[in-house]
Amino acid sequence: QVQLVESGGDLVQPGGSLRLSCAASGNILSINAMGWYRQPPGKQRELVATITSGGSANYADSVKGRFTISRDNGKNSVFLQMNSLQPEDTAVYYCNLNGIIRGRYFSANYWGQGTQVTVSS
């Protein structure tokens, strides 16, 4: 199977920065895209940013200009540089992989366990 491990979540003050990392391992045949989603307290999970294996990135309007997603295809890893963090960014951040694993015919979504980001003064 596929394992996704996130790291980098922390408690930071408003205006601070964090860099999240996610490494995928297992029987991965191909990756279409990787990305980050978040779930604020009491709210639904929402898209933060995605990036295809070809390098095309997509961002939620709320994070454009502040967050940058990048990837290392050779290591099946994705990163999220978060700058100018605000209390509204507080959430559990989940790594996502869309791809094909060994023994499957079609692409599917796989999720990490999440990492907590708290922005507070």
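Glu 46 is partly exposed, because its relative accessibility of 31% falls between the limits for buried and exposed. Keep in mind as you look around that this is a predicted model. The side chain of Glu 46 reaches Arg 38, and the two meet in a salt bridge with 2.8 Å from N to O. Arg 38 sits in other surroundings: it is buried, with a relative accessible area of 4%. So this salt bridge joins a partly exposed residue to a buried one.

Arg 38 has another partner too. Its side chain also meets that of Asp 89 in a salt bridge, this time with 3.0 Å from N to O. Find the two residues on the chain: Arg 38 belongs to strand E4, which covers residues 28-39, while Asp 89 lies in the loop between strand E8 (77-82) and strand E9 (91-101), so the pair ties together parts that are 51 residues apart in sequence.

Now stay with Asp 89 for a moment. Is Asp 89 buried or exposed? Asp 89 has a relative accessible area of 2%, which is under the 20% cut-off, so it counts as buried. Its side chain is also joined to that of Arg 66 by a polar contact of 2.8 Å. Put these partners together and you get a network of salt bridges linking Arg 38, Glu 46, Arg 66 and Asp 89. If you leave out residues up to four places away in sequence, Asp 89 touches Arg 38, Arg 66, Phe 67, Ser 84, Val 117 and Val 119.

The structure holds four salt bridges. One of them brings together the side chains of Asp 61 and Lys 64, with 3.1 Å from N to O. Here the acidic partner has a setting you can compare with that of Asp 89: Asp 61 is exposed, with a relative accessible area of 65%, whereas Asp 89 is buried at 2%.

Next, move one step along the chain to Thr 90, which is found in the loop between E8 and E9. Thr 90 counts as buried, because its relative accessibility of 15% is under 20%. What lies 3.0 Å from a polar atom of the side chain of Thr 90? That is the backbone oxygen of Pro 87. A polar atom of the Thr 90 side chain also lies 2.9 Å from the backbone nitrogen of Val 119. Apart from its neighbours within four places in sequence, Thr 90 is in contact with Pro 40, Pro 41, Gln 116, Val 117, Thr 118 and Val 119. Val 117 and Val 119 may look familiar, as Asp 89 touches them as well.

For another loop, look at Gly 16, which lies between strand E2 (11-12) and strand E3 (18-26). Gly 16 is partly exposed, with a relative accessible area of 21%. With neighbours within four places set aside, Gly 16 is in contact with Met 82, Asn 83, Ser 84 and Leu 85. Ser 84 is a residue that Asp 89 touches too. Thr 115 is 99 residues from Gly 16 along the chain, and the C-alpha atoms of the two are separated by 17 Å.

Let us turn to a link of another kind. A disulfide is a covalent bond between the sulfur atoms of two cysteines. This structure holds one disulfide. It is formed by Cys 22 and Cys 95, whose sulfur atoms are 2.0 Å apart. The pair connects distant parts of the chain, with Cys 22 in strand E3 and Cys 95 in strand E9, 73 residues apart. The link is left-handed, with -85 degrees about the S-S bond. Both cysteines are buried.

Finally, step back and look at the whole protein. How many helices and strands does the protein have? There are zero helices and eleven strands. The radius of gyration is 14 Å, close to the 14 Å that the globule rule gives for 121 residues, so the protein is as compact as a globular protein of that length. Along its principal axes, the C-alpha trace spans about 50 × 25 × 20 Å. Of the 121 residues, 40% count as buried. Among contacts with a separation of 6 or more, 56% come from residues 24 or more positions apart. On the outside, the protein exposes about 6500 Å², and carbon and sulfur atoms supply 45% of that area.

Definitions and conventions
Residues are numbered from 1 along each chain as its sequence is written. This is a predicted model: local features need pLDDT of at least 70, side-chain atom pairs count only at pLDDT 80 or more; totals for chains, interfaces and linings use all residues. Side-chain values use heavy atoms; hydrogens and water are left out. Helices (H or I, at least four residues) and strands (E, at least two) are DSSP runs, numbered from the N terminus. Buried means under 20% relative accessible area, exposed over 50%, partly exposed in between (1.4 Å probe, protein chains only). Contact means heavy atoms within 4.5 Å. A disulfide is a pair of cysteine sulfur atoms within 2.5 Å. The radius of gyration is taken over C-alpha atoms; the globule rule is 2.2 Å times the number of residues to the power 0.38. Accessible areas come from the Shrake-Rupley method with a 1.4 Å probe; for residues, only the protein chains shown count as cover. A polar contact is a pair of N or O atoms within 3.5 Å; within protein, one must be able to donate a hydrogen and the other to accept it, and residues adjacent in sequence count only if both atoms are side-chain atoms.
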